[in-house]
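Here are a few exercises to work through with the coordinates open. Try each task before you read its solution.

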Amino acid sequence: MDKIASPPTLITAMIAPAQVMRGQGAIAQAAEAIARLGQRPLVIGGDRTLKAVRTQLQPVLQQQAMAAVEASYGADCSEASLAALREAIAQHQADLIIGVGGGKALDAAKLVAHQTSLPIVTIPTSGATCAAWTALSNVYSDEGAFLYDVALPRCPDLLILDYDLVQTATPRTLIAGIGDAIAKWYEASVSSGHSERTFLIAAVQQARVLRDLLFQKSADALRSPGSDTWQDVVDATVLLAGVIGGIGGAQCRTVAAHAVHNGLTHLTQSHGTLHGEKVAYGILVQLRLEEMVQGNRLASSARQQLLQFYSEIGLPKTLSDLGLADVTIAQLQHAAEVACASSSDIHRLPFAVTPAHLMAAMVSTIAPIADSWSPDAGTGRSPDETISPGGSQPTHPSSFLLHPFPPEVAE
Ligand SMILES: [Zn+2]
């Protein structure tokens, strides 16, 4: 927390893409905006996403007489795949990168664009992450284990959010995006909730707005893909989640939810689940840690509220929901040790966490709420007043109140 209180004297802001175009059929209207950035694009995506976008993107590139070539990022955003993409860029003498796909494809496209000093257009094909927006790339091993992230010097030059394209993705991707987006609140309120810095207060506030919006609209959105409500939720997971990362910057860090995700990626059995699904489970683990280690009753009520929300929209609540029912103690320990590495953001929690604590939390995410807390017990955590998901009753009296944030400033 001291680190947050004394920021470096120079902070570079990478808040947003230079241009964002969004709408139904947005790609078809983006020809001139793309052409302003280059004439020889390398289109980077996964095999499925390249195919999904081809019918919309090719006519646009042809209309501007661009010499475009496609390249698959392979199995993961790994150092080997990045090297192959740099080779493809050199061969094609590309002067522009167009990244198409989900988090890993876009992370690979953004990172090679940075490494080769080329402009970058991002076209998300699902609502699963805010990778199309952010100045950050995650690098994985060829086997899919999270290795490290790279902070990029700027956000993309152009982001094209085409709702027609996003609607072709499976609903599961948007559900995962909702899990990843709500994590912003649970993590930012811990890492930056006590900050008095203007941009951090703004970022944490927006994280709460984002979470409340998703609590209110997600179930309706998933019932009616393509509707206005669905577009609102896509805007939330792809764009607003990115805004928060942009405003908060490097000081508005992830905490335990993403650390748990990072640990789980080291178990091959977890590779069938999406980033946001593991992160969503990680939020429950983080809250459970706050309950168990800190005796935080607000964390307990927040967890009960999330369990209800997860049931409503289909996010995983347990290891078993993540396809890890058969994980061994040794494997769980390995994931917990990775998540508790000295460089891990899990140590931004306001108490010490050991792999043993973490393992206990990981297997008890659906534990019933403890009834031994007194109503006026201290919480030691930022307030977590919420509006209730789907208009149902809150599990804790305070969970319905909408307080200004942070209370020390507002009251
Ligand atoms: Zn994430």
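**Exercise 1. Place a helix on the sheet.** This is a predicted model. Find which strands helix H3 lies across, and its angle to S2.

*Solution.* Start with H3 itself, residues 47-63. Going through its contacts gives strand S2 (41-45), S3, strand S4 (96-101), S5 and S8. Then compare directions: H3 runs at about 150° to S2.

**Exercise 2. Lay out the sheet.** Work out the strand order, and explain why S1 and S3 each have a side without a neighbour.

*Solution.* First, trace the pairings: 6 strands make an open sheet, ordered S1-S8-S5-S4-S2-S3, with parallel pairing. Next, look at the ends. Strand S1 (19-23) and strand S3 (69-72) are at the edges with a single partner strand each, so one side of each lacks a neighbour in the sheet. Now for the twist: on average, neighbouring strands are turned by 20° against each other, direction ignored. Finally, zoom in on one pair. S5 (residues 120-124) and S8 (residues 158-162) run parallel and are joined by 2 bridges. Here Val-121 sits opposite Leu-158 in S8.

**Exercise 3. Check H4 and find its buried face.** Test the length of H4 against 1.5 Å a residue, then say which of its residues are buried.

*Solution.* Length comes first. H4 covers residues 79-92, and its 14 residues should span 20 Å; the end C-alpha atoms are 20 Å apart, which agrees. Now count neighbours, calling a residue buried when 20 or more other C-beta atoms lie within 10 Å of its own. Ser-81, Leu-82, Leu-85 and Ile-89 come out buried. Viewed down the axis, the buried residues of H4 fall within an arc of 100°, so they line one face. Turned away from that buried side are the exposed residues Ala-80, Ala-83, Glu-87, Ala-90 and Gln-91. What covers the buried ones? The cover includes S2, S3 and helix H5 (103-115). Last, step just past the end of H4: Gln-93 has a positive phi of about 55°.

**Exercise 4. Describe a helix pair.** Characterise H7, then its crossing with H11.

*Solution.* H7 (residues 171-191) reaches 31 Å from first C-alpha to last, close to the 30 Å expected for its 21 residues. Burial is next: 19 of the 21 residues are buried, leaving H7 mostly covered. For the pair, recall that two packed helices are described by the angle and the distance between their axes. The axes of H7 and H11 (residues 275-294) come within 7 Å and cross at roughly 35°. This crossing is left-handed. Contacting residues include Gly-177, Gly-179 and Tyr-186 of H7, with Gly-276, Ala-280 and Ile-283 among those from H11.

Definitions and conventions: Residues are numbered from 1 along each chain as its sequence is written. This is a predicted model: local features need pLDDT of at least 70, side-chain atom pairs count only at pLDDT 80 or more; totals for chains, interfaces and linings use all residues. Two strands pair if DSSP finds at least two bridges between them. Helices (H or I, at least four residues) and strands (E, at least two) are DSSP runs, numbered from the N terminus. Axes are lines fitted to C-alpha atoms, for helices over the stretch in contact, and angles run from 0 to 180 degrees between N-to-C directions. Two residues are in contact if their C-beta atoms, placed from the backbone, lie within 7 Å. The expected span of a helix is 1.5 Å times one less than its number of residues. A residue is buried if 20 or more other C-beta atoms lie within 10 Å of its own, exposed if 12 or fewer, and partly exposed in between; C-beta atoms are placed from the backbone. The arc is that of the directions from the helix axis to the C-beta atoms. A crossing is left-handed if the near helix is turned anticlockwise from the far one by less than a right angle, and right-handed if clockwise.
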